[in-house]
Structure formats: structure tokens, C-alpha cells
Amino acid sequence: MANLVSSWARNVDTVPENYVMPPNKRPSELVSIGSNIPVIDLAKVSSSTINHAGAGLVQEILKASQEFGLFQIINHGISEKLMDDVMDLFNEIFDMSVEEKEKFCSEVSNKSCKVYESGKMNDANVEEVRHWKDLFIQPVFPIEEQTQHWLENPARYRELVETYSSEVKKLSMRILELIGEGLGLKEGYFEELSKRQALVVNHYPPCPDPSLAMGVPAHCDPNLITFLQQQVYGLQILKDGHWIGVPTLPYAFVVNIGYQLQIISNNKLVSSEHRVVTNLKTGRTSIGTFVSPAEDCIVEPTKVLVNGGSPALFRTFKYQEFIDDYMGEKNHKKTLEAYKLQP
Ligand SMILES: O=C(O)CCC(=O)C(=O)O
Ligand SMILES: [Fe+2]
């Protein structure tokens, strides 16, 4: 049985020792909310005119992906009701009583989805210091291979998750298409590189001392691109050596450039280094959609951006190899470094 933080957090008034981060990893500095984090308004382009998107929009996305590795998108076409319903669904799951949650976890453990206690992704990656969060992970694409493993309860679960995941998939393809256009890649370039999608729901219960614990320590996402739905503050990114808070814009998606996009773009785009702090009074649930290549997909800097004056900066590899290295290495930057070619 997972020792879920949400099952005991409300019964403690101090942070248990194994959740106290070492001083250099605590969120000690004063962090202000970034007013300069790019917000991309997708109303500027309709899906039917995607190939004729205003050059301005493509440039905006490209600039945000180069300078921040993170941006927010608004007017993206996914309904507010659907976003609310999915958020309510997962909050309901994390709000269950300890007994109900225990039952839920044992049911889930027979399926391809998983509930994890904080900082314990798999046996190879047990952190000495735990993170102040619970995780629910469920692969969603290819959908026909996955739905049989999905939860049957609550009754609305399957329909909601399927609709939400399909909508976010369409949205991710729109954004990847715009990024591809900005990089000078042919239409549909990212199709083969985005065959997998997983739903990762993070729940951060209120924490008695947010200055000591971390929801998620600093990291870059290992996948291609991530779409994140959030309602409550907690996400921060490292920009020019300083942490800045990502504002919570109602019904926006936060888009994170993952390591695979950094590699494919031959360092033209950067992956954002981000972390999540906890809140004293308010719990936070974030719903992440992680888009990735299939396990056996070959990844390398795109030939379009590699030439005599601009040599490949990373070696060619199979995605599974990268993920295995990332999961086994606590310092994620070292994972990326190991794939760099010597100049
Ligand atoms: O909860 C969040 O806002 C972000 C979580 C995150 O960075 C991750 O799951 O990789
Ligand atoms: Fe992340």
C-alpha cells in the first residue's frame, strides 16, 4: 500500500524528517510571480487555417520556446467545463477517505495506471528525501491499447478522461505543428515523434512548513512536450539564474518544452528547468499531459537544422534508452550531457 501524503498530511503539524529537503534544495528565496512569462493567444489562428498561421504567432511560440522553454496558451478551444470536470474528478479521487483510497490503490495496482507516493517513481529511483506530493499516472495513447486498463469507477471516469485526452492530443498536435513551422520542418514532422501520451496527475496537499519541503525539486521534463492544467499557484521556473512563479491564468495550459524537443531542435529550443513548491493552507492538483515518442522511436537532431556550419550537438538514440537513463539518474542535467557530442 502506497504511503500517500494525502492520507496523513492533515494529521501532522510539522514536516516529517524524511520530507525535509537539504538546505540548498529548499524553496528559501523570495520568489515573485513572473509577469513576463509568455502567454500565447491561440484565438489568433483557427485550426482550419493552421498551415497559414500568422507568422507572428509562430514567431511568438518560437521565441517563448527559445527564451523560456515554457509558455501559457489561452483560447485553445478546450472547453472550460471539460477542464473543470476533469479537475473535479481527480480532486474527488485525492479527497477520498484513507480506507477508500486504500481500496482504490489496490484496484489501480492491477492496471497499467499507477498511484505513487511522493518521490518514489520506481525501485531504482527511491529518493532519500521524499517529495510532498502524490502521483497518479495513466498511459492514454494509443487509446485502443489503453482503455481496457482504465478505471471503471467513478462512472464518469472513462468518458471524461478519453474526451480530455483526445482534446489535449489535438491541441498538442496544433502546437507542435506551429513549432515545426517555426523551425522550418515539413508539415506533420512531429507525428512519428509523439505517438505516446500519458496523464500524470500530481496532488500536493497543504504542507505545515512550505519552506522545508518540495512538491517537485528542480528538473526538466524528459519527454517531447508537456501540457499542464493548474488552478492553484505552485509552479516556478528558473530563468537567468532566478526562480520565478508561473501565474495561474484561468483555463490556460502551461506548455513545457521537454528534453526531446531540445535535442531534435539541436538546442534551438530549450527545456525549462522547473520545480513545484507547496502551500500552507491550500492543496494543489495539477493535471499534466506528457507527449512522448514511442519507446523504440529513434531521436536525433533534425537533419533540417544540421549542416556544416551547425553540426549535430547530440547523438542519435532510441527514446527508451534516454528514459531509462533519466529515471536512473538523480541529476537530470547529467542525463542530457551524456547525449551531447563532443565538438
Ligand atoms: O505540478 C506541476 O505544476 C508540475 C509538475 C511537474 O513538473 C511534472 O510532473 O513534471
Ligand atoms: Fe515537470
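**Exercise 1. Find how Tyr204 and other residues approach ligand 1, and describe the shell around this ligand.**

Step 1. A polar side-chain atom of Tyr204 lies 2.6 Å from an oxygen atom of ligand 1. For His219 the corresponding distance to an oxygen atom of ligand 1 is 3.1 Å, and for a polar side-chain atom of Asn202 it is 3.4 Å. The model is a predicted one, in which local features need pLDDT of at least 70 and side-chain atom pairs count only at pLDDT 80 or more, while totals for chains, interfaces and linings use all residues; side-chain values use heavy atoms, without hydrogens and water. Residues are numbered from 1 along each chain as its sequence is written, and chains are lettered from A and ligands numbered from 1 in the order in which they are written.

Step 2. Taken alone, ligand 1 exposes 290 Å², of which the protein buries 94% (areas by the Shrake-Rupley method with a 1.4 Å probe; for residues, only the protein chains shown count as cover).

Step 3. Strands S5 (196–204), S11 (274–276) and S12 (284–292) are the elements that give two or more residues to the shell around ligand 1. Helices (H or I, at least four residues) and strands (E, at least two) are DSSP runs, numbered from the N terminus. The most is given by S12, with 3 residues.

Step 4. The residues around ligand 1 include Leu228, Leu235, Val276, Arg284, Ser286 and Phe290 (near means that a heavy atom lies within 4 Å). By class, the shell has 5 nonpolar, 4 polar and 2 charged residues. Here Ala, Val, Leu, Ile, Met, Phe, Trp, Tyr, Cys and Pro count as nonpolar, Asp, Glu, Lys and Arg as charged, and the others, Gly among them, as polar.

**Exercise 2. Identify the donors of the iron ion (ligand 2) and place them along the chain.**

Step 1. His219 (NE2), Asp221 (OD) and His274 (NE2) coordinate the iron ion at 2.1 to 2.2 Å. Donors are N, O and S atoms within 2.8 Å of the metal (3.2 Å for Na, K and Ca); water is not among the atoms, so sites may look incomplete.

Step 2. Along the chain, the donors follow the spacing H-x1-D-x52-H. Asp221 belongs to the loop between strand S6 (216–219) and strand S7 (225–229), and His274 to strand S11, so the pair ties together parts that are 53 residues apart in sequence.

Step 3. Asp221 and His274 are both buried (buried is under 20% relative accessible area, exposed over 50%, partly exposed in between; 1.4 Å probe, protein chains only).

**Exercise 3. Describe the surroundings of Arg275.**

Step 1. Arg275 is in strand S11. With a relative accessible area of 5%, Arg275 is buried.

Step 2. The side chains of Arg275 and Gln236 make a polar contact of 2.8 Å. A polar contact is a pair of N or O atoms within 3.5 Å; within protein, one must be able to donate a hydrogen and the other to accept it, and residues adjacent in sequence count only if both atoms are side-chain atoms.

Step 3. Leaving aside neighbours within four places in sequence, Arg275 is in contact with residues including Arg26, Glu29, Met214 and Trp243 (contact: heavy atoms within 4.5 Å).

**Exercise 4. Which sign does phi have in Asp240, and is this residue buried or exposed?**

Step 1. Most residues other than glycine have a negative phi. Asp240 has a positive phi of about 50° although it is not a glycine.

Step 2. Asp240 lies in the loop between strand S8 (235–239) and strand S9 (242–245). Its relative accessible area is 65%, so Asp240 is exposed.
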